[in-house]
Structure formats: C-alpha cells, structure tokens
Amino acid sequence: MEAVIQNIQNMSRRGIVAPFLVIAMLAMMVVPLPPLALDMLFTFNISLSVIVLLVCIYAGRPLDFVIFPTILLVTTLFRLALNVASTRVVLLEGHTGTAAAGHVIESFGEFVIGGNYTVGLVVFAILVIINFVVVTKGAGRVSEVSARFTLDAMPGKQMAIDADLNAGIINQEEARTRRAEVVSEADFYGSMDGASKFVRGDAVAGILIMFINIIGGLAIGMLQHDMALAEAVRNYTLLAIGDGLVAQIPSLLLSSATAIIITRDSASHDLGDQVFQQMFGNTKILWITAAIMGLIGIIPGMPNFAFLFLAAALAIGAKLMDRKKADDELRSRVVRDVEKPKAAATSEQRDLSWDDVQPVDLIGLEVGYGLIPMVDRNQNGQLLNRIKGVRKKLSQDLGFLIHAVHIRDNLDLAPNAYRITLLGVPAGEGTVYTEREMAINP
C-alpha cells in the first residue's frame with residue numbers, strides 16, 4: 001500500500017496524474033465497463049464524496065481547502081461519466097436481470113424500492129428536491145454574495161495592510177503574506193461562485209438520466225427483447241432508480257460540503273468547537289428550552305415520554321455545564337492566586353535586560369491630537385499615502401531605500417504641533433492648522 005501511495009505521489013510530482021484522470025473519465029464515456037468495474041467506481045465515488053465532506057468539516061477556514069472548486073468540478077465530471085457508463089450498461093444488458101449494471105446499483109435499488117416502485121420514485125424525487133432546491137440553490141446564492149462582498153472589500157483590505165506596514169506594525173514579509181491571502185480569498189470565492197453551478201447542473205442531469213433509463217429501457221426491453229411489460233418495468237425501473245440513487249447520494253454529500261465551506265467565516269476555528277460554544281455555551285438557553293419541553297410534555301394527548309425525556313436530558317446537560325464552568329472558574333482563580341506572588345517575586349529579582357529598553361524608531365513622526373485625522377484612514381487621512389510617495393521618490397533619487405516612518409500621537413505636544421525624530425532625537429518641529437489654507441510667498 002505504501003508503495004502504491006509513493007508511486008502516485010511521484011506521478012503527481014511529474015504532472016501525470018491530472019491528464020491521466022481526465023483521459024480516464026473521457027474513456028469511461030466511450031469504452032463499455034464490466035459490472036465489477038462499475039461497482040468499484042461507484043464505491044470509490046461515494047468514498048471520495050465522504051472524504052471531501054469531512055475535509056470541509058474539519059478545515060480550520062475556507063482557505064485551508066482552496067483547491068475545493070477544482071475538486072468539485074472533477075468529482076462532478078467523474079460522476080457524470082459514471083452515469084453515462086452505467087446508462088449504456090443498463091440499456092444494453094438490462095433485459096438480463098437487475099444485476100446487469102453491478103451489485104451496487106442493484107442493492108441501492110432493492111433497498112430503497114422494497115418492492116414498491118412508487119416509493120422508489122418518491123424517495124428519489126425527494127432527494128433531488130433537497131439537493132436541487134434547498135442545498136444547491138442556497139449554496140449558490142451564498143457563493144454569489146460572498147464573491148461580490150469579497151471583491152468589494154479587496155481595496156479596503158489592501159489599504160489596511162499598507163497602513164499597518166507604514167505604521168511599522170508589520171514588516172514586508174508579513175505584508176506580502178497578507179496580500180497573498182487577500183488575493184487567494186477573492187480567487188476562492190470567485191471560483192466557488194462558478195463551481196456551485198456544476199452541482200446544480202449535476203442535479204438536473206440526474207433527473208434526466210433517470211427518466212432516459214426508464215423510458216429507453218422499457219422501449220428496448222419490450223420492442224427489441226420481447227419482454228413482458230411487468231418484467232421490463234421491474235428490471236429497468238429498479239436499475240434506473242438504483243443508478244440515480246448511487247449518483248444522487250454523492251451529489252448530495254458534495255452539495256452539503258459546498259454549503260458548509262462557503263458559509264464558514266474566514267477565521268481559523270474548529271467547526272465542532274465553534275458550534276458547541278456558540279449554541280450551548282449559554283446554559284440559560286438550555287434551562288429555558290428544558291422548561292418549555294417539560295411544559296409541552298405534561299399536556300394531555302401529547303407524546304409525554306419523548307418531550308419529558310428530552311426536557312430531562314437538557315436539564316442534566318445544563319447542570320453538568322454549569323458545574324464545569326464553576327470548576328473552571330475556581331481552578332483559574334486558584335492559579336491566578338498562586339501565580340501572582342511568583343510573578344511579583346520574579347519581577348523583583350529579575351535583572352535588567354534589553355527587553356526593558358523601549359525600541360527606537362529610525363524615522364518617527366509625532367503628532368498632536370488635533371492632527372490625528374490627517375493620519376487616520378478611517379477619517380480620510382491622506383498623509384500616509386503622501387509619505388509613502390515621498391519615500392518612493394527619495395529612494396529613486398538617492399539610490400537607497402528610505403526607512404518606513406513610524407507615526408504615533410503625542411499628548412505632550414500642542415494639538416496642532418508635530419515633531420520629526422531621528423533615532424528618537426527630535427530633528428524638527430512645526431505647527432499645522434488643518435482648518436486653514438497655507439499661503440507661501442513665491
């Protein structure tokens with residue numbers, strides 16, 4: 001197994017896997033596949049959909065699975081290629097029995113139908129409606145809105161990065177990384193806006209393929225193979241519904257994965273911890289819900305056991321969470337009481353080091369509180385951009401890079417005063433009145 005994985009990794013490094021998969025999917029649409037191959041491929045398709053769903057659930061943030069739109073396209077094409085291959089086998093060999101297209105399709109069809117074809121059609125229709133109308137349509141709308149808002153927010157995010165860089169909060173490497181994340185986020189949501197249409201089209205294709213299998217199978221079975229109507233209906237309906245279910249279940253899993261990852265926030269969080277903390281972190285809600293369920297449970301004629309059991313479970317859960325919170329608070333209080341004397345003693349005994357010396361900016365600009373609007377981007381301050389332009393011009397004229405100017409407010413200065421410092425030493429001061437116009441004698 002390790003040797004196979006190593007060979008696949010070596011092929012991936014050489015760029016062979018992707019063209020091979022595309023050619024294989026195209027071949028599946030043309031070359032007839034035996035039932036055993038269909039069983040293996042349908043099983044692999046279901047397992048691949050489960051893997052993608054779990055990756056979306058356990059991803060810390062959407063950008064951790066930035067390749068998801070491409071995976072969504074490949075899995076959709078793979079599933080459609082399987083539908084074409086299975087349709088060919090169903091129409092060519094369906095007259096031989098319900099196992100003509102493999103045991104996976106037969107098992108899904110018999111398990112869901114249970115001897116009643118109407119039930120099978122209704123179940124398939126419900127799955128398609130859930131996938132097409134609810135999950136896929138909602139995910140597509142969220143993708144569209146997220147892509148629009150992300151693109152609209154790009155200039156503001158880039159300006160915020162430039163402001164942090166000019167203020168000395170981040171360095172060039174961090175600024176470059178944050179700019180790359182902004183671009184990746186815009187590309188991801190833009191790709192998801194289009195990739196969600198693949199899943200929606202796949203749901204429509206599943207409906208059409210099932211009706212084609214039923215109508216075409218009945219026509220072929222009765223006209224070409226002289227099958228009785230009941231036998232033809234039994235064979236081709238079971239094969240069509242089984243084929244549709246084998247395709248719709250992975251499609252529903254991928255639609256759910258799309259909805260999960262597109263509705264996540266951009267911060268890195270574990271989904272399970274986030275849901276538990278935000279939904280069940282406030283035990284007051286659990287107590288109120290338990291009281292409401294208990295009141296409903298004591299009403300005559302209601303399913304008393306179900307409501308009372310749920311009320312008791314909620315009350316027990318809320319009690320346990322309250323006790324855990326009290327224990328955590330007591331533990332943290334004890335730790336603080338123990339650590340406080342140690343920290344005080346350590347601070348008294350610790351010798352001086354370079355950490356006690358405040359860092360000195362090479363070039364600094366201190367402004368009074370009256371000039372803060374000039375350096376605040378939220379108040380349309382343009383001074384940061386102008387300083388950046390001056391640094392760029394001087395760097396081009398002098399031939400070396402002018403260091404970034406660290407701007408901070410200084411309450412010791414007059415409201416309209418400013419001070420320029422070099423290595424922390426004042427090099428010049430002045431006064432600016434923002435509400436006035438400055439006239440210079442030429």
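The paragraphs below go from the chain as a whole to its nonpolar cores, then to its salt bridges, and end with one helix. The model is a predicted one.

The protein chain is made up of 13 helices and 4 strands. Of its 442 residues, 33% count as buried, and the chain exposes about 26800 Å², of which carbon and sulfur atoms supply 66%. Among contacts in the chain with a separation of 6 or more, residues 24 or more positions apart account for 74%.

In soluble globular proteins, nonpolar side chains tend to be buried together. Here the largest nonpolar core holds 29 residues, and those that touch the most other members are Met28, Leu38, Phe42, Leu82, Ala101, Ile105 and Tyr236. At least two residues of this core come from each of the helices H2 (17-30), H3 (35-58), H4 (68-93), H5 (103-113), H6 (117-166), H7 (172-223) and H8 (229-262). Apart from this core lies another, of 17 residues, which includes Leu53, Leu72, Ala257 and Ile262. Within the structure, Leu82 offers a convenient place to look: leaving aside neighbours within four places in sequence, Leu82 is in contact with Met28, Leu38, Leu41, Phe42 and Asn45.

Charged side chains can be followed next, since a search of the whole structure finds 6 salt bridges. In one of them the side chains of Asp162 and Arg179 meet, at 2.8 Å from N to O, and this pair links distant parts of the chain, with Asp162 in helix H6 and Arg179 in helix H7, 17 residues apart. Asp162 counts as buried because its relative accessibility is 17%, which falls under the 20% limit, whereas Arg179, with a relative accessible area of 26%, is partly exposed. Salt bridges that share partners join Asp162 and Arg179 with Lys388 into one network.

A salt bridge also forms between Glu366 and Arg419, whose closest N and O atoms are 3.5 Å apart. Because Glu366 lies in strand S1 (residues 363-367) and Arg419 in strand S3 (residues 417-422), the pair ties together parts that are 53 residues apart in sequence. Glu366 has a relative accessibility of 15% and so counts as buried. In the salt bridge between Lys393 and Asp397 the closest N and O atoms are 2.6 Å apart, and both residues lie in helix H13 (residues 383-398), 4 residues apart, or about one turn of the helix. Lys393, at 47% relative accessibility, counts as partly exposed.

Helix H13 can be examined further. At 1.5 Å a residue, its 16 residues should span 22 Å, and the end C-alpha atoms of H13 are 22 Å apart, which agrees. The residues Leu384, Ile387, Arg391 and Ser395 are buried in H13; seen down the axis of H13, the buried residues fall within an arc of 70 degrees, so they line one face of the helix. An α-helix has 3.6 residues a turn, so residues three or four places apart point the same way. What covers the buried residues of H13 includes H6, S1, helix H12 (372-375) and strand S2 (405-409). On the face of H13 turned away from its buried side are the exposed residues Arg386, Lys392, Gln396 and Asp397, the last of which is the salt-bridge partner of Lys393. Just after H13, Gly399 takes a positive phi of about 90 degrees.

Notes:
Residues are numbered from 1 along each chain as its sequence is written. This is a predicted model: local features need pLDDT of at least 70, side-chain atom pairs count only at pLDDT 80 or more; totals for chains, interfaces and linings use all residues. Side-chain values use heavy atoms; hydrogens and water are left out. A nonpolar core is a set of buried Ala, Val, Leu, Ile, Met, Phe, Trp, Tyr and Cys residues joined through side-chain atoms within 4.5 Å. Buried means under 20% relative accessible area, exposed over 50%, partly exposed in between (1.4 Å probe, protein chains only). Contact means heavy atoms within 4.5 Å. A salt bridge is a side-chain nitrogen of Lys or Arg within 4 Å of a carboxyl oxygen of Asp or Glu. Accessible areas come from the Shrake-Rupley method with a 1.4 Å probe; for residues, only the protein chains shown count as cover. The expected span of a helix is 1.5 Å times one less than its number of residues. The arc is that of the directions from the helix axis to the C-beta atoms.
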